[in-house]
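Me: I'm new to reading protein structures and I'd like a close look at one part of this one. Could you take a single helix and walk me through what surrounds it?

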Amino acid sequence: MPTAQRLVVYLVAGWSGYYVMAIELLSGRILAPSFGNSIYVWGGIITVFMVALSVGYLAGGHLSVFAPTQTKLAGLLLIAAAATLPIVLFGDAVLDWLFNRVHDPRYASLIASSTLFFVPTAVSGMVSPYAVRLLATSVRATGRSAGLLFFVSTFGSAAGTILTSFYMVLWFEVNQIFTGMIAVSALVGFAALALRDGQAPD
Amino acid sequence: MGRRLISGLIGVLAAVASIASPPDGAAVLHHEKSLYRNIFVYEEDGLRCMSFSRVTTARQSCMALAEPARLVFNYARMMMAALYLNPAPRRILILGLGGGTLPSAFQRLLPAAAIDAVEIDPAVVRVARKYFAFEPSATTRVFEEDGRVFVKRMQRANVTYDLVVLDAFDHEYIPEHMLTREFLLEVKSLLGDRGVLAANTFSVSKLYQYESATYFNVFGDFFGLRQNNRLILVRLGGLPSKGEIAHNAELLDAKLAPLGVDRNWLLPQIEIERGWPASTRVLTDQYSPSNLLNAPP
């Protein structure tokens, strides 16, 4: 795989890592007005993100078996971005509806997080194992490229956490941050499509 | 490498242990790690105090052992100015319990009032009862849950209050969802005719102006009182005149004196607050970096 394309795969994985943690952090903000900021609410949020990621890893690994391409990898990023849009558009309505029906903050948080955040997080989780498959050149090098990929994607997560919690919330509204991230996903996704196999220089 | 890591870890553990150790020079009666914080109860100079940190400047609540009815903190005495705006509230909501100082005071002052007290941390409720003589009366209810959720639920149930006391901020942390335009609108919808909101908050930091702009956006003019803490007072249907306040203060004087509230100290502090830049951003559920804004410069 040419260097440019390898870089694109790492970029997609790194951004996807950023994306998941930024959403997780903001999810607390989104849920707080309806269900509070108690330890139960965070417990519900983190549980849903972990379950979504685990399902995503499983699905991404499975998908990578069938004719893996950079096009499909870019597709995952774009789908995750599209699945985030309902949070911006219908988040308040969903939470309002739930508030009137579920009073226990634990289950309210689980249900709300599942409804709003499960799909984008699970699809984002598919990116890493799928990217490992694209990068794998030989059995011997698999561990090394997987290690580098996890480094990039987890480092992206760290960046998403600190930038969002220290700076983005100080400068922007929650929905502006979401919209900006969806735009970056679209940019990275289409860049990955434009640079896919056969079209890249060299 | 391994050794350096271990000595680093020991350093971290020692730092953590020192954070969890009791305040200096005080007799510690109780210490526990609750779901949300460290709670210390200690006695010093005839005061029994609750603190969320080992530093005694972080006291949440203090009770004078010889005169439990007396309000020790300026902020608690300032809170009583809420009664100058509405002298006989029948239904009172208190968000944030601490040692139960305010509910206890209102129970004594207004035995017939129905009081709802909301506290997120069950351990704080236990400690208030055990160490601070907080004994809910027959008309007082205590709810262990997030204040914002409680307010929203009461709003849906069309419950109203004559006085809402917001005392949910501790010495350093603000529940950010309880300092937004949307939250204040929910509180406003709970206020009955001439209902009063009294909020205890921070007096210094960049947050001050944002908070002013947010309260003004929801309520219009408000009274701001300022000592170590800041107290914001608003009344639905417009703030009362100086004359009305002074009149109420006089009526309440005998009742409030045992609490240590002196109207000659309190009355001059009650002024309409003005003077933040017009461009100051209003805090909303979408934009509420209160803790970042409240950080020391």
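Reply: Here is a walk along one helix of chain A, followed by a look at its surroundings in both chains.

Keep in mind that this is a predicted model. Let's pick helix H1 of chain A, which covers residues 3-35.

Start with its partner in the chain. The axes of H1(A) and helix H4 (residues 105-135) of chain A come within 9 Å, and they cross at roughly 175°. With angles over 145 degrees counting as roughly antiparallel, H1(A) is therefore roughly antiparallel to H4(A). What kinds of residues make up the contact of H1(A) with H4(A)? You'll find 17 nonpolar residues there, along with seven polar and one charged.

While we're on H4(A), take A:Ser114, which lies in that helix. Is A:Ser114 buried or partly exposed? A:Ser114 has 16 C-beta neighbours inside 10 Å, so the label is partly exposed; a buried residue would need 20 or more. A:Ser114 and A:Leu7 are 107 residues apart along the chain, and 33 Å separates their C-alpha atoms.

Back to H1(A), this time with the nonpolar core in mind. In soluble globular proteins, nonpolar side chains tend to be buried together. Here the largest nonpolar core has 138 residues, and the ones touching the most other members are A:Val12, A:Ala131, B:Met79, B:Ala82 and B:Val165. H1(A) gives this core its largest share, 16 residues. Over in chain B, B:Met79 has contacts beyond its neighbours within four places in sequence: B:Leu102, B:Val165, B:Ala198, B:Asn200 and B:Leu231.

Next comes the place where the two chains meet. Chain A puts 16 residues into the contact and chain B puts in 16 as well. On the chain A side, H1(A), helix H5 (139-171) and helix H6 (174-194) each supply at least two residues. Which helix gives the largest share of that side? That's H1(A), with four residues. By type, the side of chain A that touches chain B has nine nonpolar residues, six polar and one charged.

Finally, a quick look across at chain B itself. Eight of its strands form an open sheet with mixed pairing, in the order E7-E6-E5-E8-E9-E11-E10-E12. Strands E7 (140-144) and E12 (271-272) of chain B stand at the edges with a single partner strand each, so each has one side without a neighbour in the sheet. E7(B) pairs with strand E6 (residues 114-119) of chain B in the parallel sense, over five bridges. If you want one spot to look for, B:Val118 stands opposite B:Phe143 in E7(B).

Key
Residues are numbered from 1 along each chain as its sequence is written. Chains are lettered from A and ligands numbered from 1 in the order in which they are written. This is a predicted model: local features need pLDDT of at least 70, side-chain atom pairs count only at pLDDT 80 or more; totals for chains, interfaces and linings use all residues. Two residues are in contact if their C-beta atoms, placed from the backbone, lie within 7 Å. Ala, Val, Leu, Ile, Met, Phe, Trp, Tyr, Cys and Pro count as nonpolar, Asp, Glu, Lys and Arg as charged, and the others, Gly among them, as polar. Axes are lines fitted to C-alpha atoms, for helices over the stretch in contact, and angles run from 0 to 180 degrees between N-to-C directions. Angles under 35 degrees count as roughly parallel, over 145 as roughly antiparallel, 65 to 115 as roughly perpendicular and the rest as oblique. Two strands pair if DSSP finds at least two bridges between them. A nonpolar core is a set of buried Ala, Val, Leu, Ile, Met, Phe, Trp, Tyr and Cys residues joined through C-beta atoms within 7 Å. A residue is buried if 20 or more other C-beta atoms lie within 10 Å of its own, exposed if 12 or fewer, and partly exposed in between; C-beta atoms are placed from the backbone.
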